[in-house]
Amino acid sequence: MEKSAKKPVVMSGIRPTGILHLGSYFGALQNYIRMQDEYECYFMVADLHSLTTHPDTKSLRANVLHVISEHLACGLDPDKVALYCQSAIHETSELYFYLNTLAYKGELEKTTTFKDKARLQPQNINAALLTYPSLMAADILLHRALYVPVGKDQEQHLEMARNFATRFNHRYGEIFPGPLAFNFGAALVKVPALDGSGKMSKSENQNATLYLSDDDALIRKKVMKAKTDEGPKVPGTPMPDYIENLFHLLQLVSTTEVYEKFVTDYNQCSIRYGDLKKQLAENMVQFIAPIREKAIVIRNNESYMQEVMEKGAAKAGESAKKTMQLVRDAIGVKYF
Ligand code: TRP
């Protein structure tokens, strides 16, 4: 029998430092789901990474299970992809060490996310915070992934992963492909926060973020509180950013007809933002409610959750073991 060609490897991760929101869906999960048939996919919950900023582990387990259940509720199939938790794959920490020998203090200190986080937690600038990019590179290189679906904020980390791979290959032999940023189809979808300032976020700006677990009343309340104004008085008035954002959100969850109706109303200066927000709220409810309900059912099925976590760890573990054999051989740390 002819062996089918190996599918290109895709790897990505989400930190469990909060729960998923509409931005996670359109920025990451939607892409994952479209990739699961065509690629060999490794999707991970980055619990080790979260320890660099959230050392208190009281809610860690619940958050990890929550995030996994939402991956499943959005349509990821644990039989098609490896859906797993970072800490279950011990080889990650081994590769992380080797990559740390190739990572320079200067470049780590210059990383934007390190500088931002160091400013936010001056009392806890730990070594793992500094070497966050080495750990992320280990996640990716452990599966010798070619494509990494990530948002803009992770591009610098990915570039560092590419550099570490190149350095490793030069020093010890060609093992790693240089991982590339990747998104299925069109450009990245940005999901603005409801207050017009920045993006939706797992842990900040909670009143302006729609979570995949928000109940219907909360979704309506958050949408109805979004900032608007009296509307344009003369045709051709440019849209303020907070209004543009509402249109952007409408485009994600409403029909083209609905979206275009409100654009026309805006252009004709007859728009009623109360109506727009009511429409947006209803369409958000229609979008989020089925995901929320499904995630609850999945999460409550503890034995199924356990099974998914085990299956994911086994798949990711198998790939990790293969890579680490090559890595140890290449470095020459093998004595018997
Ligand atoms: N650093 C990523 C974030 O903060 C999460 C992450 C960890 C990741 N390991 C990864 C993303 C590997 C892509 C590939 O969102």
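## Exercises: the ligand and the spaces around it

Among the 14 residues around the ligand, the nearest are R15, H49, Y132, D139 and Q154; a residue counts as near if one of its heavy atoms lies within 4 Å of the molecule. This is a predicted model, in which local features need pLDDT of at least 70, side-chain atom pairs count only at pLDDT 80 or more, and totals for chains, interfaces and linings use all residues. Residues are numbered from 1 along each chain as its sequence is written, and side-chain values use heavy atoms, with hydrogens and water left out.

**Exercise 1.** Find which polar side-chain atoms lie 2.8 Å, 2.7 Å and 2.9 Å from a nitrogen atom of the ligand.

*Solution.* Step one: start at Y132, where a polar side-chain atom is 2.8 Å from a ligand nitrogen. Step two: move to D139, with a distance of 2.7 Å to a nitrogen atom of the ligand. Step three: finish at Q154, whose polar side-chain atom sits 2.9 Å from a ligand nitrogen.

**Exercise 2.** Work out which element gives the most residues to the shell around the ligand.

*Solution.* Step one: turn to the helices and strands, which are DSSP runs numbered from the N terminus (helices H or I, at least four residues; strands E, at least two). Step two: pick α8, which gives the most, with 4 residues. Step three: sort the shell by class, which yields 8 nonpolar, 4 polar and 2 charged residues. Here Ala, Val, Leu, Ile, Met, Phe, Trp, Tyr, Cys and Pro count as nonpolar, Asp, Glu, Lys and Arg as charged, and the others, Gly among them, as polar.

**Exercise 3.** Describe the largest cavity: its space, its lining and its main contributor.

*Solution.* Step one: recall that a cavity is a set of points, on a 1 Å grid over the protein atoms alone, where a 1.4 Å probe fits but cannot get out; lining residues have an atom within 4 Å of a point. Step two: take its volume, about 40 Å³, as the space filled by probe spheres set on the points, which are joined across faces, edges and corners. Step three: list the lining, made up of T113, F114, K117, L129, Y132, P133 and H157. Step four: credit α6 with the largest share, 3 residues. Step five: split this lining into 4 nonpolar, 2 polar and 1 charged residues.

Definitions and conventions
Polar contact = N/O pair within 3.5 Å; in protein donor to acceptor, adjacent residues only side chain to side chain. 1 Å grid on protein atoms, 1.4 Å probe; cavity = no way out; pocket = protein on both sides within 12 Å on 5 of 7 lines; lining within 4 Å.
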